[in-house]
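Please read the briefing below with the sequence and the three-dimensional structure open beside it, and find each named element as you come to it.

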Amino acid sequence: TDQIEKNGGLHVIVTFMPSNKRVEEQAFGRTARQGKRGTGQRILNAANLTHNKDFDTQKITQLRDRIEAEMLSDFEDYEFKVITLKDELFAKFCSLLNKIRQDIRKTMRLSSTIKNEVKSVFTNVAPSVYESNVLLSIEEQWAMFLRKIDDQKSSIDIEKVHKEYAEFSERIIKDYSNNCVIKNPYYHIVIGNDLVINDSSLISKYKQAMEHFDRAIELDPDHSAAAFAGKGWLLLKGKKRLIFSNQQDLDYKESAVRAFNRALEILSDEMAVLTSIQTLLQQRCPNINTALSKQLIQKINILGTYCNSLENVVTVVRKSQRLIQIKAIIDYPRRSVSTNKREVARRIISYDRIEKERGELCDIRLISHDHVDNDIMDAIQNRKEIALIKDDENQFTVLYKKKKEKSSLGSWKIENYELRYYLLSLNYNRTILDRKECSKIYVIIYENVTINNGYIRSDFSVFLKDLTNDSKYEITFNDLTVRQDSGTVDQAENIIYQAVSKHVLYGAPILNNSGRYISVSITQINAERLKAFLNPNIEIKEATRDVALVQLKEKSSFFHRHLLPEKWSLDLCPVNLDIFLDNNRIEMKSNLQARDAIEILKKRLPEENIQCNLTFISANEISKVLKEKVLSNSIQTIEFIELDGYNVKEKLRNIQSNSITLEISDSKDKLLEVLTCLDLQYVELYSYDKEKSNHRNIREVVDKITAERIIKEYEKDNTTIRLIDIPIHEIEEIIDKCPNATYNISFIHIRNFDRLLKGLNNELVNIHFDELELEPAIKLIRQIRKENLDFSLVLKKLTKGQAERLMKEAPVEQENIEINKVKSLNELFMNESRPHLELSEFSGRGIEYLLEISEKRFIPWRSIAAVVTIAAVQMAVGGILIASGFGATVGLGLITEGAADFFTAYRAYSTRQFSWSDYGKQKAVSLIISAVSMGFSAIKDA
């Protein structure tokens, strides 16, 4: 201001020693600006200058300026050279990057190039996913190269750095040429996912995508979960073809399941780490609204959703395989005198996850022609191996077992020049060809052997040959399907008819029709759902007023409610009605007609917010059929899974049966204490011997002394024992001794079905209908189908011959998998609540896509054959009419109808769907139109 100017101007005081002259001049430059007056001075605190020898500000300033001058000199001598060097290297690197970018774009397909050229006229064209990720990978390696320069503490040898860059550049170009420039597995996964998404029948990208997933797994097998998931996705999708169905790899379902399971293992470890971090965080900071806590919760939720999707995919694939379980039951004679030797009364060997006609793929043995001996021939005859034989003239022959001919071998001479050239590099010294390294050779040989009607797999039931004729067998068929094809085609019913019926189409029935071989099991079902299936009454609990009215109207038709006299009590069933308000019963009515219950509810105001329990007496038609046809013709066993002691005691009070089996899981010490106090002779144990594998497990019934000795030898602290036909009072004693144990309890041969229904609450149960004959079994299966429940069909008490024949002849077909929908994790969130940061992180790792899959429908061959026959007859008759000159118009119409039916048959084949009712409606409309058209033509001609 003018006043300040009159008093000498602005005065600036600097209270610190500026780090350099420039900062000092900037500070004093705040005053005496634009010709105005001003002053400045430094006032320093001596305490801040103790590191100087004296407090002479002039000397301190000179020292500061000298240090600054030295720093500038050092910068010119070192850092400036580094910056200049980096600029030079960066220019070279940009040139390298651009060269690779141009090469990538040159190798693009012509169609993609043209499309990008057209798009570039209207908008900027983004680089392809492949191009972006290849360049990102190179830039990562460039960053690591620069980091080495920054980490050097001594002076830099510029010539050496230029030489190192030349080596770096040469390595990048070489790696790019060899298609291995990407070192980060996540880039491979992102490229692979993009290739799968954009795969088409015109431009197949199957091979490229699989190579990227394999490369990612090779780079980091322990953290490439998305690569395993992508590989499974690609295997299920198959190679797209223009006209025909997708081409699937051999054993693609099993390979896909293995890939998905490996992905789940990796992600489960990651989930465990995230959960542990969250737990530790909550212990230190209970507030869950912190940014870190929210981020952890989001990550766990996203990862959990992705894992659930993979688990659902595995479940669908497993169901489509129609996996079979074979159980061999071997009873041994029991010794009356106890000895120190192990006494086994019964051994139960279970072979799980057997896929019909899907034995192990044959190995390919490399051998010279002069070393083919009987061992090799036996291995081929037994479908264990395929021989690849090299002769003296470098010619190659494949020797394999032919189908439909017991002792005949087939041969195929390899003519493919490229394949022969590759085979020359192998050693033919009786070794097995490495399946992983030579997968392409395996695929080519398998395909050609299959074309030549040869076996490429071992007998899927070969393990049965190792068992004795004294054993009894049980075969369990899982996930059997039902479909409509000019009638109902039920795989379960077909197996039963094939096994038992006297009217089997080919040969004699496998089993004696008078025996009770058949069992049907419903496993892992919620007890409430089972109760609804078995209960003769239909119970609806905690229904609102509106829902209760809808249910009641379904049980009382319009005529019953409005037109018929009230004394004609023709409602479908009586109903019990309980009305609750605020959890207190305010009204209870029994044996009402549905229309009366409707009137009672209508009198209640909607605002009252009441809840109703409805019981429709004897309204369950399924239960009626079961009671009349099934329950009296079978033995029912119900098993409750993973109960605590309190719930076991509750079941004992409510359920009556002829026998009880109790399975206990607890510590070794507790189980040994139980065995000591019980008066029993035999105990069933799960075997932990070395032979046990994922597909084979053993249970043994041993004497009590042997059981105690085996349990003591177990390495694990917790184990499981099974007590057969144990009295109720002993079960109660066991529960008192083992209050923390987990129990599975089986009630065998239920005596009172009404009491069983009272004992069903909200737990998981298995129910078995044993010793069924043909007709009751068929009735039961049809009722189960109505409720859309999963079940297993078991055939028991089989001889070895019957088991082998049933395994081979059982009509168990399966279809390929189809991918119905692919959606991204982004689609699960609304825009405003989408966790962009977490989704972006997972997307960068390839964890992005969720699959919805199903098994393809079976082709309705019967319906297609019928429609084709109708079409052929129409066209033949039409042709005769036209040729004879009688009714040319009608003949032309019939030919048109026949052509339309041929198209209908093709559409049924391609879509795998056909409905006779829809076909009839379409046919009726078409015939009416044709008749009207011919009528108009006749009137016009007249």
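What follows is a briefing on strands, helices and cavities, grouped by topic.

The model is predicted. Among its features are a closed barrel of 12 strands, an open sheet of 4 strands and 2 cavities of 30 Å³ or more. Two helix pairs are also described, one formed by H29 and H30 and one formed by H17 and H19.

**The closed barrel**

- The barrel is closed and has 12 strands, which run in the order E3-E4-E21-E20-E22-E19-E23-E18-E24-E13-E25-E10 with antiparallel pairing.
- From one strand of this barrel to the next, the twist averages 20°.
- Strand E3, which covers residues 324-331, pairs with strand E10, which covers residues 472-478, in the antiparallel sense and over 6 bridges.
- To find this pairing in the model, look for isoleucine 324, which stands opposite phenylalanine 477 in E10.
- As background, the strands of a sheet pair through backbone hydrogen bonds, and they may do so in either a parallel or an antiparallel way.

**The open sheet**

- A sheet of 4 strands is open, and its strands are arranged in the order E14-E17-E15-E16, again with antiparallel pairing.
- Strand E14 (538-544) and strand E16 (584-592) stand at the edges and have a single partner strand each, so one side of each is left without a neighbour in the sheet.
- When direction is ignored, neighbouring strands of this sheet are turned by 10° against each other on average.
- E14 is joined by 5 bridges to strand E17 (residues 611-616), and these two strands run antiparallel; within E17, threonine 615 is the bridge partner of glutamate 539.
- E17 is also joined to E15, through 6 bridges and again with the two strands running antiparallel; here the bridge partner of isoleucine 579 is cysteine 612 in E17.
- Strand E15 (residues 575-581) pairs in turn with E16, in the antiparallel sense and over 6 bridges, and leucine 581 is the residue that stands opposite asparagine 584 in E16.
- A general point to keep in mind while viewing is that, in a regular strand, the side chains alternate between the two faces of the sheet.

**Helix pairs**

- Helix H29 (residues 861-884) packs against helix H30 (residues 888-911) at an angle of about 160°, and their axes are 7 Å apart.
- Angles over 145 degrees count as roughly antiparallel, and H29 and H30 are therefore roughly antiparallel to each other.
- The crossing of H29 and H30 is left-handed, and the contact between these helices has 21 nonpolar, 5 polar and 2 charged residues.
- Helix H17 (residues 545-554) and helix H19 (residues 594-602) also pack at an angle of about 160°, with their axes 9 Å apart, which makes H17 roughly antiparallel to H19.
- The crossing in which H17 passes H19 is left-handed.

**Cavities**

- The largest cavity has a volume of about 90 Å³, and 14 residues line it, of which Ala229, Gly230, Trp233, Tyr306 and Tyr849 lie nearest its centre.
- Helix H9 (225-237), helix H11 (291-320) and strand E27 (849-855) each supply at least two residues of the lining of this largest cavity.
- Sorted by class, the lining of the largest cavity has 10 nonpolar residues, 4 polar residues and no charged residues.
- The second largest cavity has a volume of about 30 Å³, and the residues that line it are Tyr186, His223, Ser224, Ala225, Ala226, Arg845 and Ile847.
- Sorted in the same way, the lining of the second largest cavity has 4 nonpolar, 2 polar and 1 charged residues.

Terms used: Residues are numbered from 1 along each chain as its sequence is written. This is a predicted model: local features need pLDDT of at least 70, side-chain atom pairs count only at pLDDT 80 or more; totals for chains, interfaces and linings use all residues. Side-chain values use heavy atoms; hydrogens and water are left out. On a 1 Å grid over the protein atoms alone, a cavity is a set of points where a 1.4 Å probe fits but cannot get out, and a pocket is an open set with protein on both sides within 12 Å along at least five of seven lines; lining residues have an atom within 4 Å of a point. Grid points are joined across faces, edges and corners, and a volume is the space filled by probe spheres set on the points. Ala, Val, Leu, Ile, Met, Phe, Trp, Tyr, Cys and Pro count as nonpolar, Asp, Glu, Lys and Arg as charged, and the others, Gly among them, as polar. Axes are lines fitted to C-alpha atoms, for helices over the stretch in contact, and angles run from 0 to 180 degrees between N-to-C directions. Angles under 35 degrees count as roughly parallel, over 145 as roughly antiparallel, 65 to 115 as roughly perpendicular and the rest as oblique. A crossing is left-handed if the near helix is turned anticlockwise from the far one by less than a right angle, and right-handed if clockwise. Two strands pair if DSSP finds at least two bridges between them.
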